[in-house]
Amino acid sequence: MNIHEYQAKGLLGQFGVPVPAGALAATAAEARAAAAGLPGPVWVVKAQIHAGGRGKGGGVQVCKNLDAVEAAAGHIIGMQLITHQTGPEGKKVHKVWVEQGTEIARELYLAVVLDRGAQRLTVMASPDGGMDIEDVAARTPERIFTTRLDGGHHIWPYQARQLFFGCGLTPEQVGKGAALVQNLVRLAVEKDAVLVEINPLAVTTAGDIVALDAKMDFDESALKRHPDVAAMDDPEEGDPLERKARELGVNYVRLSGYVGTMVNGAGLAMATMDAIKQAGAAPANFLDAGGGANEQMVAAGFEVMLSDPHVRGILINIFGGILRCDIVAQGVVNAARKVDLRLPLVVRLEGTNVEEGRRILRESGLNFETAASMSEAAHKIAALTAGGAA
């Protein structure tokens, strides 16, 4: 689960990481009042959306008087902000964070991130702050310094100091940075974060180290242990179909393609999406009906999937073990009748009660194709959806 910058900075402050003073505003007038209560003479007005690259899209503006703050907030609030992380549709800005300006001498990059390969948290630092870390990795990977946490949850002081010596800081600044990164690691561990990123981490003209931006992502499976973090979820930022699916208890992730998929089991879902790509089409979603899904859950997932306007056709690929094929078939029939399905449908069923499932589909009156293998199913749906309007 992602959170907003202002929420992330609140957590940073709780864990002893220095951040500039700031205030949240939902209107231009509120932004002006917020700036008036903050140290000047420069303020920064920042759009609050779950995406990076806001400055390049016009979502971050530096202001030198209160009139400029009010004008900037009036422009940003309500805009459809487009960045490289939002996609072409962008995201609507509902609030801005008004922050005191900082006199910057240098910009660094710092993050605590879950290294899934090593199965432990890793700290990354770079002297090239303010840039996308992917660009730094591609162009100058030698300028990224990393250290893995001991036992997955602890960083030794010498490890923290090495990161900042690598970034070229003075001994005094290294000491401040080492204390900061230890607090950052403590935050990540205690709150079950999979990403805590500060970009840029500023070295001020006075030699202080301050987090100018913050991005955090938390393990959703651990949110029950952290009600304070769970309460930061912003439903306006998430995909509405994913939110609807979550409320219904369906494991659904929206993708950018046009072939809707429904399977049972994450491994089969990944294999099905690969088969669709190999057949020349593109999957529109990951939807796992689960091993214990009942007819109502299958029907609900089917309805969510069909709510995606980009979907041109549906591929259902079920291996009946715990989840019986007749339950899937009845769920498909019920959902198709409820939404008046008119899209191409390819069904591949194998396993428990498969003959009964096929009978239910055959006698349903629905217009669908069947397939004996996953590859055949993928090629059939690719042919049926080729050239359609996305």
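Mentor: Helices and strands here are DSSP runs, at least four residues for a helix and at least two for a strand, numbered from the N terminus. Asp-192 sits in the loop between α6 and β10. Keep in mind that this is a predicted model.

Trainee: How many helices and strands does the chain have?

Mentor: The chain holds 13 helices and 18 strands. Its C-alpha trace spans about 75 × 50 × 40 Å along the principal axes.

Trainee: What makes the phi of Asp-192 worth a look?

Mentor: Most residues other than glycine have a negative phi. Asp-192 is not a glycine, yet its phi is positive, about 55°. Asn-353 also goes against that tendency, with a positive phi of about 60°. Asn-353 is in the loop between β17 (345-351) and α12 (354-362).

Trainee: Why is Asp-192 called partly exposed?

Mentor: Its relative accessible area is 22%. Buried means under 20% and exposed means over 50%, so a value in between is partly exposed. Asp-192 therefore falls in the middle class. Asn-353, with 35%, is partly exposed as well.

Trainee: Why is Tyr-258 called buried?

Mentor: Its relative accessibility is 15%. The cut-off for buried is under 20%. Tyr-258 therefore counts as buried. Tyr-258 lies in the loop between β13 (251-254) and β14 (259-263).

Trainee: Which residues does Tyr-258 contact, its neighbours within four places in sequence left aside?

Mentor: Among them are Gly-280, Pro-283, His-310, Arg-312 and Thr-385. By contrast, take His-94, 164 residues away along the chain. The C-alpha atoms of Tyr-258 and His-94 are 30 Å apart. Contact needs heavy atoms within 4.5 Å.

Trainee: Why does Ala-372 fall in the class it does?

Mentor: Ala-372 has 54% relative accessibility. Exposed means over 50%. Ala-372 therefore counts as exposed. Its place is the loop between β18 (369-370) and α13 (374-385). Beyond four places in sequence, Ala-372 is in contact with Arg-348 and Glu-350.

Trainee: And Phe-165, why is that residue called partly exposed?

Mentor: Its relative accessible area is 47%. That value is not over 50%, the cut-off for exposed, and Phe-165 is therefore partly exposed. Phe-165 is in helix α5. Beyond four places in sequence, Phe-165 is in contact with Pro-171 and Val-174.

Trainee: What share of the chain is buried?

Mentor: Buried residues make up 49% of the 390 residues.

Trainee: What makes the largest nonpolar core a core, and which residues touch the most other members?

Mentor: A core joins buried residues of the nonpolar kinds through side-chain atoms within 4.5 Å. The largest one has 41 residues. Leu-12, Leu-110, Val-123, Phe-164, Leu-201 and Met-216 touch the most other members. Elements that each supply at least two residues include α1 (5-14), β7 (104-115) and β10 (193-204). Helix α6 gives the most, with eight residues. A second, separate core has 35 residues, including Ala-299, Leu-306, Ile-327 and Val-328. In soluble globular proteins, nonpolar side chains tend to be buried together.

Trainee: Which residues does Leu-12 contact, its neighbours within four places in sequence left aside?

Mentor: Val-17, Val-19, Leu-184, Leu-187, Ile-198, Ala-211, Ala-214 and Met-216.

Trainee: What makes the bond from Asn-199 to Pro-200 unusual?

Mentor: Most peptide bonds are trans. The bond from Asn-199 to Pro-200 is cis, with omega near 10°. Pro-200 lies in strand β10. The bond from Gly-40 to Pro-41 is also cis, with omega near 5°. Pro-41 is in the loop between α2 (28-36) and β2 (43-47).

Trainee: How do you know what kind of lining the second largest pocket has?

Mentor: Sort its residues by class. There are seven nonpolar, one polar and two charged residues. Asn-367 is in the lining, and Asn is outside the nonpolar and charged lists, so it counts as polar. Arg-342 and Glu-369 line the pocket too; Arg and Glu count as charged. The pocket holds about 150 Å³ of space.

Trainee: Where do the domain bounds fall?

Mentor: Domain 1 covers 1-19 + 104-237, domain 2 covers 21-101, and domain 3 covers 239-386. The centres of domain 1 and domain 3 are 40 Å apart, taken over C-alpha atoms.

Key:
Residues are numbered from 1 along each chain as its sequence is written. This is a predicted model: local features need pLDDT of at least 70, side-chain atom pairs count only at pLDDT 80 or more; totals for chains, interfaces and linings use all residues. Side-chain values use heavy atoms; hydrogens and water are left out. Domain bounds come from an automatic or database domain assignment. On a 1 Å grid over the protein atoms alone, a cavity is a set of points where a 1.4 Å probe fits but cannot get out, and a pocket is an open set with protein on both sides within 12 Å along at least five of seven lines; lining residues have an atom within 4 Å of a point. Grid points are joined across faces, edges and corners, and a volume is the space filled by probe spheres set on the points. Buried means under 20% relative accessible area, exposed over 50%, partly exposed in between (1.4 Å probe, protein chains only).
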